[in-house]
Amino acid sequence: MRMLVTGGAGFIGANFVHTTLEERPDVEITVLDAFTYAGNEASLTGLEPRVTVVKGDIADAELVDRLVADSDLVVHFAAESHNDNSLANPWPFVQTNVIGTYTLLEAVRRHEVRYHHISTDEVYGDLELDDPARFTENTPYNPSSPYSSTKAASDLLVRAWVRSFGVRATISNCSNNYGPYQHVEKFIPRQITNVLDGVRPKLYGQGLNVRDWIHVTDHNRAVWTIIEKGQLGETYLIGADGEVDNRTVVEMILQQLGQDADAFDLVTDRPGHDMRYAIDATRLRTELGWTPIYEDFRSGLSQTVAWYRDNEAWWRPQKQATEAKYAAAGQ
Ligand code: NAD
Ligand code: DAU
């Protein structure tokens with residue numbers, strides 16, 4: 001099978017490429033990635049000849065058409081993915097997440113290629129801390145940020161292309177991922193690498209916001225489950241019952257690195273900061289039979305802490321510029 005993976009040099013896409021190579025000997029992968037600040041060649045070294053890397057933009061219609069024509073399956077991870085960046089400059093989010101997805105959809109439509117669309121639980125907005133509800137496939141869309149609204153727009157394009165043009169597509173909306181190869185701008189890698197650098201972790205606001213953490217390998221195994229067993233035209237939510245508040249995550253990281261659990265700072269909050277996300281993945285579990293491997297967040301986090309401790313050469317080149325950007329925003 002020849003597969004096109006967009007955004008394969010980013011966090012989840014690179015993990016997807018690695019897992020796929022290990023578990024599926026019949027698959028050959030072309031990665032299409034623009035290598036923005038978030039793409040990292042070091043996440044994909046030594047994978048030839050089964051992986052071909054093409055540097056290019058998902059909004060480049062000619063390039064996308066050629067690559068899609070040569071593929072049996074497209075899995076679309078590429079995106080501008082960071083909420084804080086979307087608040088500072090929304091335009092790249094509209095261009096990549098909306099126009100880029102449109103460009104891919106037109107190509108899979110022309111060449112009748114199966115398409116899986118990677119999206120986020122943030123399209124559903126947020127929940128109160130004491131709300132017993134969790135997101136399901138029927139929750140109305142209500143995105144808060146430029147990032148999540150452009151992801152919501154891209155999901156709606158996929159739904160329209162399924163209904164109007166019969167494109168063979170599935171969509172998954174996943175909760176917060178953690179694991180190796182995640183950029184140091186994101187919460188967990190930022191705090192781990194801060195502590196490794198002797199810098200106190202930074203919690204936005206009071207640190208009470210809750211995220212529903214899932215290991216990236218469990219996300220990617222769920223994506224394969226949906227590709228193989230999902231119903232065309234349908235949406236599946238992916239989550240592993242991993243709700244934890246940010247303060248608790250930082251305390252765990254500090255403890256796992258031998259520091260006092262209260263050695264963190266509270267900093268300026270994110271404008272419009274979503275309070276809580278929570279996924280009800282009943283449909284994925286019962287209809288498709290998926291279950292997560294990493295059911296204990298504390299031990300998955302500890303493996304992730306060890307990965308960043310052992311792979312400084314991977315993250316060090318991005319650290320200084322990332323922290324300079326946060327410092328300018330008082331975070
Ligand atoms: P990331 O920022 O780590 O990686 C994104 C990749 O896309 C990078 O390699 C980047 O170079 C590439 N890219 C950006 N613009 C491009 C363009 N115009 N053309 C080609 N490539 C481009 O992101 P991630 O965290 O790996 O997220 C991957 C996908 O998963 C995104 O669609 C995101 O919305 C979704 N998602 C992420 C999470 C999470 O917790 N990180 C959770 C649910 C869903
Ligand atoms: O829910 C899925 C989403 O999860 C994905 O769609 C996004 O691509 C991904 O970036 C992530 O979005 P979040 O905004 O939840 O992730 P982030 O890592 O930026 O922040 C996680 C939480 O930690 C959030 O409540 C903000 C907070 N935070 C973040 C940083 C960077 C801090 O308290 N301090 C920080 O330094």
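The protein is divided into two parts: domain 1 covers 2–178 + 214–238, and domain 2 covers 187–210 + 243–276 + 297–321. These bounds come from an automatic or database domain assignment. This is a predicted model, in which local features need pLDDT of at least 70 and side-chain atom pairs count only at pLDDT 80 or more, while totals for chains, interfaces and linings use all residues. Residues are numbered from 1 along each chain as its sequence is written, and chains are lettered from A and ligands numbered from 1 in the order in which they are written.

Let us look at how the domains meet. Their centres, taken over C-alpha atoms, are separated by 26 Å. Across the boundary, 13 residues of domain 1 are in contact with 13 residues of domain 2; a contact means that the C-beta atoms of two residues, placed from the backbone, lie within 7 Å. On the side of domain 1 that touches domain 2, helix α3 (residues 83–88) gives the most, with 3 residues. That side divides into 5 nonpolar, 4 polar and 4 charged residues. Here Ala, Val, Leu, Ile, Met, Phe, Trp, Tyr, Cys and Pro count as nonpolar, Asp, Glu, Lys and Arg as charged, and the others, Gly among them, as polar.

Now for the ligands. A residue belongs to the surroundings of a ligand if its C-beta atom, placed from the backbone, lies within 6 Å of it. The two shells are set out below.

| Shell | Residues around the ligand | Classes | Element giving the most |
|---|---|---|---|
| Ligand 1 | 31 residues | 14 nonpolar, 13 polar, 4 charged | α1, 3 residues |
| Ligand 2 | 19 residues | 4 nonpolar, 8 polar, 7 charged | β8, 3 residues |

Around ligand 1, the nearest residues are Gly7, Gly10, Ala38, Gly39 and Ala79. At least two residues of this shell come from each of α1 (11–23), β2 (28–33), α4 (91–111) and β5. For ligand 2, Ser81, Thr120, Phe187, Tyr204 and Asn209 come nearest, and α6 (187–196) and β8 (202–204) each supply at least two residues. Ligand 2 lies between domain 1 and domain 2, because both give residues to its shell.

The whole protein has 11 helices and 13 strands, where helices (H or I, at least four residues) and strands (E, at least two) are DSSP runs numbered from the N terminus. Strands pair if DSSP finds at least two bridges between them. Strand β4 (residues 73–76) pairs in the parallel sense with strand β1 (residues 2–6) over 4 bridges, with His76 as the bridge partner of Thr6. Strand β4 also pairs in the parallel sense with strand β5 (residues 114–120) over 4 bridges, and there Leu73 has Arg114 as its bridge partner.

One residue makes a good stop on this tour: Ile238, in strand β11 (residues 235–238). Ile238 counts as buried because it has 28 C-beta neighbours inside 10 Å; the cut-off for buried is 20 or more other C-beta atoms within 10 Å, with C-beta atoms placed from the backbone. Leaving out residues up to four places away in sequence, Ile238 touches several others, among them Ser172, Cys174, Ile214 and Leu284.

Buried residues make up 48% of the 331 residues in the protein. Along its principal axes, the C-alpha trace spans about 55 × 45 × 35 Å. Among contacts between residues at least 6 apart in sequence, 81% join residues at least 24 apart.

Technical notes
Buried ≥ 20, exposed ≤ 12 C-beta atoms within 10 Å, placed from the backbone.
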